[in-house]
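Hi everyone, thanks for coming. I'd like to walk you through one structure today, taking it a piece at a time. Have a look at it first.

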Amino acid sequence: MTTGTTERAGRRSWLRDHSELGVCVLLLALGVLVLTDALTMDVEITQRGPIGPRTVPVVVGAGLLLIAALLAVDVLRGGRGEAEGGEDVDLSEPADWRTVLLLAGIFLGAAVLIEPAGFPVAGALLFWGAAFALGSRRPDRDPLIAAVLSVLTYAVFDQLLGVPLPGGPLMGVL
């Protein structure tokens with residue numbers, strides 16, 4: 001082997017041994033994105049008190065940066081992620097594409113319906129559809145739970161947090 005080939009092989013080996021640094025880079029980029037978005041947010045219209053809409057994104061962004069830095073230090077000091085021992089996963093089994101596609105369709109459907117039908121209706125369909133796609137087959141219980149969860153979520157966001165969500169045809173009722 002030549003010196004250049006040995007150096008490249010050594011570099012690849014070092015990168016393979018420190019592959020968790022990729023997660024650090026992802027967390028760092030996500031933290032910078034969240035902080036940038038939070039700090040450039042126009043808050044005069046939505047400011048309701050001492051804790052405004054910037055607070056949570058700034059805390060989350062700073063937390064992401066801190067976790068990225070701590071993880072990078074741990075990886076560079078030789079820390080390694082442990083293999084998952086708690087799950088019994090058979091890697092020879094194919095992926096359950098039916099469930100994945102059902103969930104993707106349900107999410108897209110809810111995104112399309114949220115404006116014309118409102119959040120309570122779209123959210124109920126989202127919660128019920130996700131439960132169905134993940135295997136729940138209780139037609140007596142699932143739609144009721146989905147409707148209650150959706151209306152509660154709408155009420156918390158719209159009334160308590162002051163985040164306006166589209167109410168749709170139920171706007172006057174709720």
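Let's start with Asp142, which counts as buried because its relative accessibility is 8% and the cut-off for buried is under 20%. Keep in mind that we're looking at a predicted model. So where does Asp142 sit? You'll find Asp142 in helix H6. And what does Asp142 touch, leaving aside its neighbours within four places in sequence? The answer is Trp128, Ser136 and Arg137.

Okay, let's zoom out for a second. The protein chain has six helices and zero strands, and if you read along the sequence you get α-α-α-α-α-α. Of the 174 residues in the protein chain, 22% are buried. Now take the contacts between residues at least 6 apart in sequence: 61% of those join residues at least 24 apart.

Back to H6, then, and its partner H5. For anyone new to this, two packed helices are described by the angle between their axes and the distance between the axes. H5 and H6, which covers residues 142–160, pack at about 135°, and their axes are 8 Å apart. That angle is why we call H5 oblique to H6. The crossing of these two, H5 and H6, is right-handed. Who meets whom here? On the H5 side we have Phe119, Pro120, Gly123, Ala124, Phe127 and Trp128. On the H6 side there's a list that includes our friend Asp142, along with Pro143, Leu149 and Tyr154. Sort the residues of this H5 and H6 contact by type and you get 11 nonpolar, three polar and one charged.

H5 has another partner, H4. The axes of H4 and H5 come within 8 Å and cross at roughly 170°. Angles over 145 degrees count as roughly antiparallel, so that is the label for H4 and H5. From H4, the residues making the contact include Thr99, Leu102, Phe107 and Leu113, while H5 brings in, among them, Val121, Ala122, Leu125 and Gly129. How do the residues in this contact of H4 with H5 divide? Into 15 nonpolar, two polar and no charged.

That takes us to the core. As a general point, in soluble globular proteins, nonpolar side chains tend to be buried together. Here, the largest nonpolar core has six residues: Leu103, Ile106, Ala110, Leu126, Ala130 and Ala133. H4, at 97–117, and H5, at 119–133, each supply at least two residues of this core. Try clicking on Ala133: not counting residues up to four places away in sequence, Ala133 touches Thr99, Leu102, Leu103 and Ile106.

Two more stops and I'm done. Ala38 is in helix H2, residues 21–39. Is Ala38 buried or exposed? Buried, because its relative accessibility is 1%. Its C-alpha atom is separated by 6.1 Å from that of Val58, although the two are 20 residues apart along the chain. Besides Val58, Ala38 is in contact with Arg54 and Pro57, again leaving aside neighbours within four places in sequence.

Last one: Gly168, in the segment after H6. Gly168 has a relative accessible area of 30%, so it's partly exposed. Not counting residues up to four places away in sequence, Gly168 touches Pro116, Ala117 and Gly118. And the C-alpha atoms of Gly168 and Phe119 are separated by 7.1 Å, with their positions 49 residues apart along the chain.

How values were computed:
Residues are numbered from 1 along each chain as its sequence is written. This is a predicted model: local features need pLDDT of at least 70, side-chain atom pairs count only at pLDDT 80 or more; totals for chains, interfaces and linings use all residues. Side-chain values use heavy atoms; hydrogens and water are left out. A nonpolar core is a set of buried Ala, Val, Leu, Ile, Met, Phe, Trp, Tyr and Cys residues joined through side-chain atoms within 4.5 Å. Buried means under 20% relative accessible area, exposed over 50%, partly exposed in between (1.4 Å probe, protein chains only). Helices (H or I, at least four residues) and strands (E, at least two) are DSSP runs, numbered from the N terminus. Contact means heavy atoms within 4.5 Å. Axes are lines fitted to C-alpha atoms, for helices over the stretch in contact, and angles run from 0 to 180 degrees between N-to-C directions. Angles under 35 degrees count as roughly parallel, over 145 as roughly antiparallel, 65 to 115 as roughly perpendicular and the rest as oblique. A crossing is left-handed if the near helix is turned anticlockwise from the far one by less than a right angle, and right-handed if clockwise. Ala, Val, Leu, Ile, Met, Phe, Trp, Tyr, Cys and Pro count as nonpolar, Asp, Glu, Lys and Arg as charged, and the others, Gly among them, as polar.
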